[in-house]
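Visitor: I am new to reading protein structures. Could you take me on a close look at a single part and how it sits among its surroundings?

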Amino acid sequence: VKAELKIIRTIPELQRVLNDKRSNHKTIGFVPTMGFLHQGHLALVAKAKEQNDIVVMSIFVNSAQFGPGEDYEAYPRDEDGDTEKATQAGVDILFLPEQGEMYPQDGGIRILPGSQATELCGASRPGHFDGVLKVVLKLFNIVKPDHSYFGMKDAQQLAIIETFVRDFNVNTEIVRVQTVREEDGLAKSSRNVNLSENERIEAPIIREALKKGERLFHEGITTTIIEQQVAEHITANCSGTIDYVSLLSYPALTPYEGGTGEAILACAVLFQKTRLIDNIIMSTGR
Ligand code: PAF
């Protein structure tokens with residue numbers, strides 16, 4: 001029998017319920033999302049359930065992380081479907097704040113991420129990660145989670161949040177969760193619904209190209225050639241246009257210069273109505 005899902009829309013009510021859980025020594029796992037849930041989100045919930053007594057999920061399409069002309073309005077929303085999926089996945093508390101609940105006023109203070117935020121998506125989405133850190137810090141302060149769960153598909157977001165939490169002693173442990181994929185390799189994303197039929201057929205090329213890049217990486221091919229080959233593989237096989245293909249160290253997101261540690265091969269591809277991202281994290285102990 002599934003425990004009942006509690007829907008909460010206000011910050012004071014959420015804090016009251018969670019204070020009560022904490023005073024009963026319950027640990028809290030937190031899954032922040034922008035909704036339109038798919039199996040990627042549900043994998044975050046599954047991990048959170050394994051490691052905590054209570055799982056809180058938030059759904060809030062965060063206006064602060066969308067730039068002018070981006071898809072804030074077109075971002076898919078489905079509160080009823082999401083509530084059903086969250087219930088099935090065993091979420092205990094679903095936090096669904098309105099815009100005015102999260103951003104009732106603006107005192108003008110900004111959180112500015114460092115050079116990690118100017119690479120990859122940061123180059124074409126100035127201010128995006130400021131907006132992500134703003135909402136994530138607010139949510140962490142409201143929920144006070146023991147553990148917080150983020151997917152590897154948004155590897156740059158994860159790297160920036162890990163750095164923020166480490167450098168500012170934010171009191172939650174960040175847990176990385178692997179990207180969940182469709183059978184043909186396309187990374188699950190709420191934005192996939194905005195692909196046309198033909199684009200959806202082409203989209204797995206992104207993963208295929210990254211896998212090719214990974215093979216070249218392990219053969220010792222140079223960064224520039226790998227980036228070129230991956231970009232060519234995508235443009236030759238799909239109608240989308242490349243925003244970037246980049247090989248960097250991970251999680252620092254500085255130029256990759258060999259040696260040990262992790263590297264990321266990441267790309268973003270623009271389709272008619274949406275922009276898809278994907279990446280592969282590679283171990284560099286070669
Ligand atoms: O990854 C997302 O869905 C969002 O960027 C997040 C972390 C929920 C912040 O709005």
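Guide: Let's look at helix H6 and then at the sheet and the ligand. Please keep in mind that this is a predicted model.

Helix H6 covers residues 128-143. With 16 residues at 1.5 Å a residue, H6 should span 22 Å, and its end C-alpha atoms are indeed 22 Å apart, so the two values agree. Just after H6 comes Lys144, which has a positive phi near 50°.

Now see what H6 rests on. The helix lies across strands E2 (28-33), E3 (54-59), E4, E5 (147-151) and E6, and it runs at about 150° to E2. Many residues of H6 are buried, including Phe129, Leu133, Val135, Val136, Leu139 and Phe140.

Those strands belong to an open sheet of 6 strands with parallel pairing, in the order E1-E4-E3-E2-E5-E6. E1 (6-8) and E6 (173-177) stand at the edges; each has a single partner strand, so one side of each is left without a neighbour in the sheet. On average, neighbouring strands of the sheet are turned by 25° against each other, direction ignored. The partner of E1 is E4 (residues 93-95), and the two pair in the parallel sense over 3 bridges. Ile7, for example, has Leu94 in E4 as its bridge partner.

Finally, come back to Val135. This buried residue of H6 is also among the residues surrounding the ligand, together with Pro32, Thr33, Met34, Asn62, Gln65, Phe150, Asp154 and Gln157. An N or O atom in the side chain of Gln65 is 2.6 Å from an oxygen atom of the ligand. For Gln157, a polar side-chain atom lies 2.6 Å from a ligand oxygen atom.

Methods: Residues numbered from 1 in each chain as written. Predicted model: local features only at pLDDT ≥ 70, side-chain atom pairs only at ≥ 80, totals over all residues. Heavy atoms only, no water. Pairing = 2+ DSSP bridges. Helix = DSSP H or I, 4+ residues; strand = E, 2+ residues; numbered from the N terminus. Axes fitted to C-alpha atoms, helices over the stretch in contact; angles between N-to-C directions. Contact = heavy atoms within 4.5 Å. Expected span 1.5 Å × (residues − 1). Buried < 20%, exposed > 50% of the residue type's maximum accessible area, 1.4 Å probe, protein only. Near = heavy atom within 4 Å. Polar contact = N/O pair within 3.5 Å; in protein donor to acceptor, adjacent residues only side chain to side chain.
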